[in-house]
Structure formats: C-alpha cells, structure tokens
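Please open the structure in your viewer and keep a selection panel at hand. The tour below goes from the whole chain to single residues, one selection at a time.

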Amino acid sequence: MAVTQRRGRRIMMTPDELDEFLTTQRTCRVATVSADGAPHVSTLWFVWDGKSLWLYSITRSKRWSDLRRDPRVAVVVDTGEEYDDLRGVELSGTVEFIGEAPRTGEPYPELDSVERLFARKNFALDEMPHDGRHAWMRLTPVATASWDFRKLASL
C-alpha cells in the first residue's frame, strides 16, 4: 500500500498503528462517483484483514450501483471528539466484487475468514448471518493517508 501523503508525515500512523486502528474501528464513510459525476458519501461497517478493507453493502443501494458502474472509491475511517484526539485514515483505489450478489451464504472459500471476522466484530457471532440483500466488495488500497493528532503534543 503506497503512502501518498507529503504533509503531515510527523503525525501519520505507523504501519502497526494503522493496522491496529483499522482492526478495531467499525464504521467507515465510502465516497463514490454518481452517474452524473456528483460525489456520493455513505456509511458502512467494514472489516480489515491486514491488507484489504472489506465492505458489506446492500446491493440495491446507490453506493452499489455507483461502484458497479465506476469501481473507484475513497474510504475514510476516523475517530475523535476533541481536536487533539483526531485520528483517521483515507484509503483509495478500486473495489472488487467478491462472491455472489446478493450473498445468500453459498460456500465461497475466499470469504470464510472475512465473514468470520465481520460476524465477530459486528454481531458477536461466530458465523455470518446472510439476509440475501448484501454482498461483498474488497478494497485493496493503492494509496493511503493517515493522521493521529495525539502526536502533535510531542512536536
């Protein structure tokens, strides 16, 4: 994954910090390009597998149709209430659609570990509940930019 930021290198997350942050956070904002070129931003739960961000989206959503037409995406995961507590990362690239759409739970070995991670993280379950309305997208970022304003105190 390429680190693309030129400014703010002193407050960017290390690879270990970035991995821990993406593993523990739950919610992201997904930015897509609409058919008319307008930006569209929506919120999703996600899971991080150490190299890719997995998004579980409703297949009848604007987000899904935007990404089917143009798979370019930017995703922001952030947290913090006070200025000196702000942390986050922007990941960008193109999504890949993985598995059946919508997902009904048919065997798909590539999704086994992802669905187990997602089910534990978001539902406290060992197996993924399938509702026949969602499907998987994988973003293996080509660019990232991160920030951890807690590091400002030491500068």
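The stops that follow begin with the fold and then turn to rings, charges, a surface patch and the backbone.

This is a predicted model, in which local features need pLDDT of at least 70 and side-chain atom pairs count only at pLDDT 80 or more, while totals for chains, interfaces and linings use all residues. Residues are numbered from 1 along each chain as its sequence is written, and side-chain values use heavy atoms, with hydrogens and water left out.

**The whole chain**

Display the protein chain as a cartoon, and 3 helices and 8 strands should appear, where helices (H or I, at least four residues) and strands (E, at least two) are DSSP runs numbered from the N terminus. Followed along the sequence, their order is β-α-β-β-β-α-β-β-α-β-β. Along the principal axes, the C-alpha atoms occupy a box of roughly 50 × 40 × 25 Å. The radius of gyration, taken over C-alpha atoms, is compared with a globule rule of 2.2 Å times the number of residues to the power 0.38; for 155 residues a compact globule would come near 15 Å, and the 16 Å of the protein chain agrees with this. Of the 155 residues, 41% count as buried, a class that means under 20% relative accessible area, with exposed over 50% and partly exposed in between (1.4 Å probe, protein chains only).

**Aromatic pairs**

Next, select the rings of Phe, Tyr and Trp (its six-membered ring), which pair if their centres lie within 6.5 Å, planes under 30 degrees apart being stacked, over 60 edge-to-face and the rest tilted. By this rule the count comes to 8 aromatic pairs. One of them joins Trp-64 and Phe-97, which are edge-to-face at 4.8 Å centre to centre with 70° between the planes. Because Trp-64 lies in helix α2 (residues 62-69) and Phe-97 in strand β6 (residues 87-98), this pair ties together parts that are 33 residues apart in sequence. Trp-64 is buried at 6% relative accessible area, whereas Phe-97 is partly exposed at 24%.

Move on to Phe-118 and Phe-123, whose ring centres are 5.9 Å apart and whose planes stand at 70°, so this pair is edge-to-face. Here Phe-118 is buried at 3% relative accessible area, and Phe-123 is partly exposed at 35%. Extend the selection to Trp-45, Trp-54, Tyr-56 and Trp-136, which ring pairs link with Phe-118 and Phe-123 into a cluster.

**Charges over rings**

Which residue has its charged end over the ring of Trp-45? It is Arg-26, 4.2 Å from the ring centre, where such a contact requires NZ of Lys or CZ of Arg within 6 Å of the ring centre and within 35 degrees of the ring normal. Selecting Lys-121 shows its charged end over the ring of Phe-46, 4.2 Å from the centre.

**The loop after α3**

Return to Trp-45 and Phe-123 and add Leu-125: these residues form a nonpolar surface patch with about 250 Å² of accessible area together. Leu-125 lies in the loop between α3 (112-123) and β7 (134-139) and is partly exposed at 38% relative accessibility. Ala-124, in the loop between α3 and β7, has a positive phi of about 55° although it is not a glycine, and this residue is exposed at 69% relative accessible area.

**A last backbone stop**

Finally, select Ala-101 and Pro-102, which are joined by a cis peptide bond with omega about 0°; Pro-102 is placed in the loop between β6 and α3.

Technical notes. Patch = residues over 30% accessible without salt bridge, like charges linked within 9 Å, V, L, I, M, F, W, Y side chains within 5 Å. Areas by Shrake-Rupley, 256 points an atom, 1.4 Å probe, with all protein chains shown as cover. Salt bridge = Lys/Arg side-chain N within 4 Å of Asp/Glu carboxyl O.
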